[in-house]
Amino acid sequence: MMTKNYMLIHISLFLLFRLVPFSFSEEPKFDEETLKNLKDLLKIEFAVNLIQPGEVSTWNEKKVKYTIPEHPVILKLEGTNFKFIGSFTPYIIPGTDKLMLIAASQMWFIDPSKKNMRYFTYIKSISFSFGEKIVFLPLGFTENYEKSDAHNIQIEIIIVPYTYEEPQDSNGDQ
Amino acid sequence: MCPAYEILSAYIDGEVPFPWNKQIEEHLSSCKSCSQKVEFYRKVQTSMLEDSEPDYSPPMQRIWNKISELKQSNQYIKTPIWNKKISIPVPLVGFAAVLVIFIGSLLVFNVMTSDPSSVNIITHKDDGSMTEVNITAGDAEEIQALLRALESNNTPNEVIIQLPEGSTGFQVGEPELLRAVDFKRKR
């Protein structure tokens, strides 16, 4: 009787410690039906533009990210002489169809003329409607450039409610 | 000299050995007081031996009847469960202890890894019914997994953009966050 009990305990402990790590590491699966019916998710569209004086967009790239309210999306930009990290946290204002976005950014910037590196931070909030375009200018904005190779960096942000889109074959971002 | 009461009692019970019993007999034949005492003791002994055991069945029956009445009226005092002795095999106790420790560890792990800023994601179908999704407040891992499933990559909530070669920027003013319409109006 005692031997049987000990065997049961050993088997139980073995199963416990063998199966528990799998239960922790297993990635949850979400079927298409679930993804189609998700609500309260937000889709954030980023469009980064390099603009030269005269409103000429020399380069642009778009990215889409999904998040939930109160969860930040991190945007990192790496240029030749600067590195930008921005944290964009959307909040749904209760009782309205409006959003509030808190933008917190850090910028490492090398000024070639002065040969030193500068670091500055910024935080600001703004309220807006779903689908309304927001502009973030991490370096400020001017139309009077003295340096011909300098650009204005303009980040356009649009936040809309999540809608299901058929998965694409590409491995990267949309 | 008359013998003591204990010696006479022992003599009646046949416990006095020879030659002392003969001496007592000789004394009894000449002493009227002692012979009367011995006669009395013998009568008492005879009456005790002749009396039958009293009948205890009526009072015992009355007691049992009373107990039965108390049981029927729920007034019978039962032993509280916390005073009962329970015998549990030692291996079972050990297994229960391991189980309690495991469940406790799970609870502590969940509390430590929970994200208080996360929110519930409620899913609804078009027909108004709800779809069960295992995402609850504090379940940051589930949320991250959901975002990974939506974006088909391993870096949820993070966008890295490498600007083109030679793209330099200069700080020309304070950073600004504003509506696009305000930005156009400002320019």
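This note goes through salt bridges, a helix pair, a surface patch and two individual lysines in a predicted model.

1. Salt bridges overall. Over all chains, the count of salt bridges comes to seven. Three of the pairs in chain A are taken up in the next points, and a network that involves both chain A and chain B follows after them.

2. K43(A) and E45(A). These two residues form a salt bridge in which the closest N and O atoms are 3.7 Å apart. The lysine, K43(A), counts as buried because its relative accessibility is 11%, and the cut-off for that class is under 20%. Its partner E45(A), at 28% relative accessibility, counts as partly exposed.

3. K63(A) and E61(A). Here too a salt bridge is formed, with the closest N and O atoms 3.6 Å apart. K63(A) has a relative accessibility of 13% and so counts as buried, whereas E61(A), at 25%, counts as partly exposed.

4. K133(A) and E156(A). The side chains of K133(A) and E156(A) meet in a salt bridge, at 3.5 Å from N to O. This pair links distant parts of the chain, since K133(A) lies in strand β7 of chain A and E156(A) in strand β8 (residues 150-161) of chain A, 23 residues apart. In this pair the lysine is partly exposed, with a relative accessible area of 32%, while the glutamate, E156(A), counts as buried at 17% relative accessibility.

5. A network with residues from both chains. Salt bridges that share partners join E132(A), R179(B) and D182(B) into one network.

6. The surroundings of K133(A). Strand β7 of chain A, where K133(A) has its place, covers residues 133-137. Leaving aside residues up to four places away in sequence, K133(A) touches E156(A), I157(A) and I158(A), and from chain B it touches R179(B) and A180(B). K133(A) and E45(A) are 88 residues apart along the chain, yet their C-alpha atoms are separated by 9.5 Å. The E45(A) in question is the salt-bridge partner of K43(A) described above.

7. Helices α1 and α2 of chain B. Helix α1 (residues 5-12) of chain B packs with helix α2 (residues 20-30) of chain B at an angle of about 110°, and their axes are 11 Å apart. That angle makes α1(B) roughly perpendicular to α2(B), because angles of 65 to 115 degrees are classed in this way. On the α1(B) side the residues that meet the other helix are I7(B), L8(B) and Y11(B), and on the α2(B) side they are N21(B), I24(B), E25(B) and L28(B).

8. K37(B) in the following helix. K37(B) is found in helix α3 of chain B, which comprises residues 32-50. With 40% relative accessibility, K37(B) counts as partly exposed. In sequence K37(B) and S9(B) are 28 residues apart, and in space the distance between their C-alpha atoms is 9.5 Å. S9(B) falls within the residue range of helix α1 of chain B, 5-12.

9. A nonpolar patch on chain B. Four residues, I86(B), I88(B), L92(B) and V93(B), make a nonpolar surface patch of about 400 Å². One of them, I88(B), is placed in the loop between α4 (57-72) and α5 (90-113) of chain B. For a residue to be included in such a patch, over 30% relative accessible area and no salt bridge are required.

Notes
Residues numbered from 1 in each chain as written. Chains lettered and ligands numbered in written order. Predicted model: local features only at pLDDT ≥ 70, side-chain atom pairs only at ≥ 80, totals over all residues. Heavy atoms only, no water. Patch = residues over 30% accessible without salt bridge, like charges linked within 9 Å, V, L, I, M, F, W, Y side chains within 5 Å. Areas by Shrake-Rupley, 256 points an atom, 1.4 Å probe, with all protein chains shown as cover. Helix = DSSP H or I, 4+ residues; strand = E, 2+ residues; numbered from the N terminus. Buried < 20%, exposed > 50% of the residue type's maximum accessible area, 1.4 Å probe, protein only. Contact = heavy atoms within 4.5 Å. Axes fitted to C-alpha atoms, helices over the stretch in contact; angles between N-to-C directions. Parallel < 35°, antiparallel > 145°, perpendicular 65-115°, else oblique.
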